[in-house]
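Visitor: Please choose one part of this chain and describe it closely, together with whatever surrounds it. I should like the account to lead outward from that part to the rest of the fold.

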Amino acid sequence: MHQQHQTCSRRHFLKGLAGLSAIATLTPVLPESFTRSAKADVPKRVVIADGALAETALAMGIVPLAMADVPGYRAWVQEPKVPEQVINLGARFQPSLERLAQLDPDLILTSSFYANQYSRLSDLAPIEKIDIYSSSKTPFLNAMAAAQKIAEVTGHRGTAEILISDTLSRIDQASRELTSSQASSVLVTSMLSPRHMRVYGQNSLMQDVIDLLPVKNAWTGPTNHWGFATVTIDQIAQYSNAALIAIKPVPDNVDRAIVHSPILSELPSIKRFGLITMPPVATFGGLFAAGRFSDLLANALTSQGAAHGEFAS
């Protein structure tokens, strides 16, 4: 009965989010900064400096002229794919301003991550700052607002509502699949070495998604602004009932250590469930990453987990 109540509550919450997004569609308002300074009514030459904003735009069918760190995006984010014609601006932390100037963009989408470059970016084109990771709201709600704002300022109204609806449907589908999961709690990590990892908790996009699913995040310890804590193997040894999820890529020395290291191979969660890996997903991503994470988590816990002896029912 309790499980049924939880499922109904989650579905009501998801429907409520869908309703809010529909209301927002009725009253789109262009940001004052954009209407005041944009070079064109509908910007065609859009450049995106932030990875989460680029992921969101691509998921809505908005192909930027250029974006920062295209190789890194293809390795660590992968989906949605970056079309070949998108120009790489160089390093994520310091995109090439010279290349930007040559491209003569109509609009630059950026975030507080690039606050130290605002003045130089605004000399090249109007900028629109959109934050998903802030202290004001949860990343998931911010990601919904970010999608709507990107659609508005680029003249693609309506596309955000499609992405929001698709994301909520994916989370709802994952929630139904996970009702049969043998693991009731998880530790979602990025492995750094055989002894260190990032574990995601409060303030992370993954935590927000897990809160909508019939599993719990075992990590309730402190996290930083980006929603993760860097911990040692010793710190997670106590979580014997949680399935350890490692987001790829997993370093080669970690794979070897699981076989050869008594410390890692005897870790209670790995000994019980195995190390469950999932394909790359943007751990500091936007709305598309939320839906992709729910898909991958459901698949990891139901298919890969079932292959492990003790994990199987």
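**A helix and its surroundings**

Guide: About 14,300 Å² of the chain is exposed, and carbon and sulfur atoms contribute 53% of that area. The model under discussion is a predicted one. The chain contains 14 helices and eleven strands, and 50% of its 313 residues count as buried. Of the contacts between residues at least 6 apart in sequence, 63% link residues at least 24 apart.

The part I have chosen is helix α8, which comprises residues 159–177. Its length can be checked by simple arithmetic: the expected span is 1.5 Å times one less than the number of residues, so the 19 residues of α8 should cover 27 Å, and the C-alpha atoms at its ends are indeed 27 Å apart. Burial in α8 begins with T159, A160 and E161, and continues through L163, I164, T167 and L168. Further along the helix, R170, I171, D172, A174 and S175 are also buried. The list thus includes charged residues such as E161, R170 and D172.

A partner of α8 is helix α7, formed by residues 139–153; the two pack at an angle of about 150°, and their axes are 8 Å apart. Since an angle over 145 degrees counts as roughly antiparallel, α7 is roughly antiparallel to α8. On the α7 side the contact is made by F140, M144, A147, Q148 and A151. On the α8 side it involves T159, A160, E161, L163, I164, T167, L168 and I171. These α8 residues also appear among the buried residues of the helix.

The link from this helix pair to another part of the fold runs through T56, which belongs to helix α3. Apart from neighbours within four places in sequence, T56 is in contact with A147, I150, L163, G286 and L287. Of these, A147 of α7 and L163 of α8 also take part in the contact between those two helices. T56 has 0% relative accessibility and therefore counts as buried, for which the cut-off is under 20%.

Helix α3, residues 51–59, lies across strands β1, β2 and β4, the last of these being residues 107–110, and runs at about 135° to β1. These strands are part of an open five-stranded sheet in the order β3-β2-β1-β4-β5, with parallel pairing. Strands β3 (87–88) and β5 (127–129) are at the edges with a single partner strand each, so one side of each has no neighbour in the sheet. Within the sheet, β1 (residues 46–48) and β2 (residues 66–67) run parallel and are joined by two bridges. V47 has A66 as its bridge partner in β2.

Another set of paired strands may be followed from strand β6 (residues 185–191). Strand β6 pairs with β7 (residues 196–200) in the antiparallel sense over three bridges, and S190 stands opposite R198 in β7. Four residues separate β6 from β7 in the hairpin that they form. Strand β7 in turn pairs with β9 (residues 228–232), again in the antiparallel sense, over five bridges; here M197 is opposite V231.

Strand β6 also pairs with strand β10, in the parallel sense and over four bridges, with T189 opposite A246. The parallel arrangement continues from β10 to strand β11 (residues 276–278) over three bridges, where A246 stands opposite T277. A246 therefore faces a partner in β6 and another in β11, because strands of a sheet pair with their neighbours through these bridges. Strand β10, residues 243–247, is mostly covered, with five of its five residues buried. In a regular strand the side chains alternate between the two faces of the sheet. In β10, A243, I245 and I247 point one way while L244 and A246 point the other, and all are buried.

A final residue to consider is A257, located in helix α11 (residues 252–260). A257 is buried, at a relative accessible area of 8%. Residues up to four places away in sequence aside, A257 touches P194, L264 and S265. From A257 to R195 the C-alpha distance is 9.4 Å, although the two are 62 residues apart in sequence.

Methods. Residues are numbered from 1 along each chain as its sequence is written. This is a predicted model: local features need pLDDT of at least 70, side-chain atom pairs count only at pLDDT 80 or more; totals for chains, interfaces and linings use all residues. Side-chain values use heavy atoms; hydrogens and water are left out. Buried means under 20% relative accessible area, exposed over 50%, partly exposed in between (1.4 Å probe, protein chains only). Contact means heavy atoms within 4.5 Å. Accessible areas come from the Shrake-Rupley method with a 1.4 Å probe; for residues, only the protein chains shown count as cover. Axes are lines fitted to C-alpha atoms, for helices over the stretch in contact, and angles run from 0 to 180 degrees between N-to-C directions. Angles under 35 degrees count as roughly parallel, over 145 as roughly antiparallel, 65 to 115 as roughly perpendicular and the rest as oblique.
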